[in-house]
Amino acid sequence: MDMIVNPTGRLEGEMQALSSKNYTTRYLLVSALAEGTSTILYPAHSEDGEAMRRCIRDLGAVVEEDAEKIVITGFGRNPKPAKELNVGNAGAVLRFIMSIAALLPEVYFVNAYPQSLGKRPHDDLIVALESMGVDIEHENGRLPMTIRGGNPRGGKIQVSGNISSQFLSSLLFLTPLLSEDSEIEVLHDLKSKVVIGQTLEVLAQAGIKVEASEDLMHYRIPGNQKYKAQTYTVQGDYPGSAAILAAAAVTESDVIVHRLLEESKQGERAVVDVLRAMNVPLTHENGIVHVKGNGRLTAGEFDGDEFTDGVLAMVAAAVFAEGTSRFYNVENLRYKECDRITDYLAELRKAGARVEEKQDEIIVHGRPEGVEGGVEIDSHIDHRVIMALTIVGLRSAQPIRIKDAHHVAKSYPQYFDHLKALGAKVEWVN
């Protein structure tokens, strides 16, 4: 379905942040890797979460859920043989499960989204797993693929962090279960280091010991560990909330968002500081962000690797800032559900934004007066692109139509409901 976003003068209201997709996905996995029963309170409900639940069920976990919790009886180190797994369009789920599949003789991963996840490369993880004695059949590093494992070796492992930190996270989930101790060395650079902090936090909560160097480039993981069955409470989600906060920033607003912890290890918590640097009137205390937007923003320069999944929303806010903004160190955006630099900027230009790109930068020449709109733009089947384009539509002179906007459900199914409750003029059309 498509979404019509109409110009909206004011947003007002109070809401709970949706629960974190990243933490929910990790808690689902460590619960499945535990022997015994774990409970996840306030889980995020998204297509990514559903993909992880589907995969761990297929691998032998018992998953029961209601509106407020998920109860999982795990399979420990012994997943059930599964001939075929479907991760949908969830890149993190694929990469995490690839390592767990290495414990089995043979698993086939289908290519359900050839125009999105099917285009994303996984070579760095494939190379690491192959060095551990796992055989992987693949299409130039992409889906579909067949993993033939059974008894992966620990020891010294190298993995590149140039494209994504998800490859490293994947190995960190697997190596504690191996017979040998392991040492992981990250080659080249490590993108989205803050997300590794989330993985290490969840592993520690699950009773797993990992020694990490201060620069997060070297790890020592004792083997023969067991994940403990636990109760986990999912915190509020900064990446999804970034779009809500940006929408409040570019309009006249009085918007309060609860459950956004100041001390969160989510890198996207930095979006609050980005908006503050843009002179958006806001406060952040006791887990509550309160934005009193006046639609006036000031340009700035920001290291996007610190808040990867919040960059597109902040770029949308910068479209209406006074001056030129620069978001640098963002090349990893090119390897997401779409090329979140070239593809996203092409749609922004259609709406009337003045933007330019470099290989690892997005430059925004602000238009405080607003943009023209009045166009149909492509979502590129990317939830972050959809949310960010919606922000631009709120300040367009004419409505914009976002094609296939229902794909926002990948991470934030209630996004448009929440915006509408705050007063946004948005409507679904076939």
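A cavity is taken here as a set of grid points where a 1.4 Å probe fits but cannot get out. In this predicted model, the search of the whole structure finds three cavities of 30 Å³ or more, and the largest of them has a volume of about 290 Å³. The lining of this largest cavity comprises 25 residues, of which Lys21, Asn22, Gln166, Asp309 and Lys336 are the closest to its centre. Helix 1 (21–32), helix 3 (91–101) and helix 11 (383–394) are the elements that give two or more residues to the lining of the largest cavity. In character, the lining of the largest cavity divides into five nonpolar, 10 polar and 10 charged residues.

The second largest cavity holds about 50 Å³ of space. Its lining is formed by Pro239, Ala243, Asp309, Gly310, Val311, Leu312, Ala313, Arg384, Met387 and Ala388, and at least two of the lining residues are supplied by each of helix 7 (238–250), helix 9 (311–318) and helix 11. Seven residues of this second lining are nonpolar, while one is polar and two are charged. Asp309 is named among the residues closest to the centre of the largest cavity, and Asp309 is also part of the lining of the second largest cavity.

Helix 11, which contributes to the lining of the largest cavity and to that of the second largest, was examined further. This helix has 12 residues and reaches 17 Å from its first C-alpha to its last, close to the 16 Å expected at 1.5 Å a residue. Helix 11 is mostly covered, with 12 of its 12 residues buried; among them are Arg384, Met387 and Ala388, the residues of this helix that appear in the lining of the second largest cavity. The buried residues of helix 11 also include His383, Val385, Ile386 and Leu389, as well as Thr390, Ile391, Val392, Gly393 and Leu394. At the start of the helix, a side-chain oxygen of Asp382 comes to within 3.0 Å of the backbone nitrogen of Arg384.

These features belong to a protein that has 12 helices and 28 strands. The radius of gyration of the protein is 21 Å, close to the 22 Å given by the globule rule for 430 residues, so the protein is as compact as a globular protein of that length. Along its principal axes, the C-alpha trace spans about 60 × 45 × 40 Å, and 60% of the 430 residues count as buried.

Definitions and conventions:
Residues are numbered from 1 along each chain as its sequence is written. This is a predicted model: local features need pLDDT of at least 70, side-chain atom pairs count only at pLDDT 80 or more; totals for chains, interfaces and linings use all residues. Side-chain values use heavy atoms; hydrogens and water are left out. On a 1 Å grid over the protein atoms alone, a cavity is a set of points where a 1.4 Å probe fits but cannot get out, and a pocket is an open set with protein on both sides within 12 Å along at least five of seven lines; lining residues have an atom within 4 Å of a point. Grid points are joined across faces, edges and corners, and a volume is the space filled by probe spheres set on the points. Helices (H or I, at least four residues) and strands (E, at least two) are DSSP runs, numbered from the N terminus. Ala, Val, Leu, Ile, Met, Phe, Trp, Tyr, Cys and Pro count as nonpolar, Asp, Glu, Lys and Arg as charged, and the others, Gly among them, as polar. The expected span of a helix is 1.5 Å times one less than its number of residues. Buried means under 20% relative accessible area, exposed over 50%, partly exposed in between (1.4 Å probe, protein chains only). A polar contact is a pair of N or O atoms within 3.5 Å; within protein, one must be able to donate a hydrogen and the other to accept it, and residues adjacent in sequence count only if both atoms are side-chain atoms. The radius of gyration is taken over C-alpha atoms; the globule rule is 2.2 Å times the number of residues to the power 0.38.
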